[in-house]
Amino acid sequence: SSDLSFMGQSVRFKMTSVCGHVMTLDFIGKYNNWDKVDPAELFSKAPTEKKEANPKLNMVKFLQVEGRGCDHIVLWLDCDKEGENICFEVLDAVLPVMNKSHSLEKTAHRAKFSSITDTDIFNA
């Protein structure tokens with residue numbers, strides 16, 4: 001963690017990372033054996049479940065430990081559709097443990113960058 005200026009205030013911040021997607025969406029067990037399921041059922045009535053993409057990493061718990069008590073979150077993921085999806089996965093994990101704010105717009109911020117050099121990180 002470091003002390004720097006953010007939005008005109010002196011703040012303490014910490015940086016961490018995720019390893020790809022935090023969550024995955026899959027069909028429930030009985031629909032996972034595609035040799036025994038009519039593919040049409042997958043589009044019409046097969047329920048899905050959201051679960052951790054890599055349960056061994058305990059990424060949701062890790063993010064909650066890191067985010068507990070924070071006032072702001074700055075998301076530094078790739079600026080493409082997949083990066084945006086991962087941003088929302090991170091927010092779903094972290095927002096419940098952050099200090100409460102009256103507005104998501106005042107709490108969650110999006111950094112725009114194209115490389116991870118020291119200069120680009122501080123300027124993002």
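The following dialogue discusses how several descriptions of this predicted model are justified.

Colleague: What is the overall make-up of the chain, and in which order do the elements run?

Modeller: The chain has five helices and six strands. Starting at the N terminus, the order is β-β-β-α-β-α-β-α-α-β-α. Of its 124 residues, 23% count as buried.

Colleague: Why is phenylalanine 13 called partly exposed?

Modeller: The relative accessibility of phenylalanine 13 is 31%. Buried would require a value under 20%, and exposed a value over 50%. The value of 31% falls in between, so phenylalanine 13 counts as partly exposed. This residue lies in strand S2, which covers residues 9-13.

Colleague: What makes the nonpolar surface patch, and how much area does the patch have?

Modeller: Leu4, Phe13 and Met15 make the patch, which has an area of about 260 Å². A residue needs over 30% relative accessible area to be part of a patch. Phenylalanine 13, at 31%, meets that condition. As for the surface of the whole chain, about 9100 Å² is exposed, and carbon and sulfur atoms supply 53% of it.

Colleague: Which residues have the most contacts inside the largest nonpolar core?

Modeller: That core has 16 residues, and those with the most contacts inside it are Val22, Leu63, Ile73, Leu75, Val90 and Val94. Helix H2 (59-67), strand S5 (73-75) and helix H3 (81-94) are the elements that give two or more residues to this core. H3 gives the most, with six residues. A second, separate core has five residues, including Phe27, Tyr31, Val37 and Leu42. In soluble globular proteins, nonpolar side chains tend to be buried together.

Colleague: What is isoleucine 73 in contact with, leaving aside its neighbours within four places in sequence?

Modeller: Isoleucine 73 is then in contact with Val90, Leu91, Val94, Met98, Thr107, Ala108 and His109.

Colleague: How do you know that cysteine 79 is in no disulfide?

Modeller: The cysteine sulfur nearest to that of cysteine 79 belongs to cysteine 87 and is 8.0 Å away. A disulfide requires the two sulfur atoms to be within 2.5 Å, so this pair does not qualify. Cysteine 87 is likewise in no disulfide. A search of the whole structure finds zero disulfides.

Colleague: Why do these two cysteines receive their accessibility labels?

Modeller: Cysteine 87 has 3% relative accessibility, which is under 20%, and therefore counts as buried. Cysteine 79 has 46%, between 20% and 50%, and therefore counts as partly exposed.

Technical notes
Residues are numbered from 1 along each chain as its sequence is written. This is a predicted model: local features need pLDDT of at least 70, side-chain atom pairs count only at pLDDT 80 or more; totals for chains, interfaces and linings use all residues. Side-chain values use heavy atoms; hydrogens and water are left out. Patches are made of residues with over 30% relative accessible area and no salt bridge: like charges are joined within 9 Å, nonpolar side chains (Val, Leu, Ile, Met, Phe, Trp, Tyr) within 5 Å. Accessible areas come from the Shrake-Rupley method with a 1.4 Å probe; for residues, only the protein chains shown count as cover. A salt bridge is a side-chain nitrogen of Lys or Arg within 4 Å of a carboxyl oxygen of Asp or Glu. Helices (H or I, at least four residues) and strands (E, at least two) are DSSP runs, numbered from the N terminus. Buried means under 20% relative accessible area, exposed over 50%, partly exposed in between (1.4 Å probe, protein chains only). A nonpolar core is a set of buried Ala, Val, Leu, Ile, Met, Phe, Trp, Tyr and Cys residues joined through side-chain atoms within 4.5 Å. Contact means heavy atoms within 4.5 Å.
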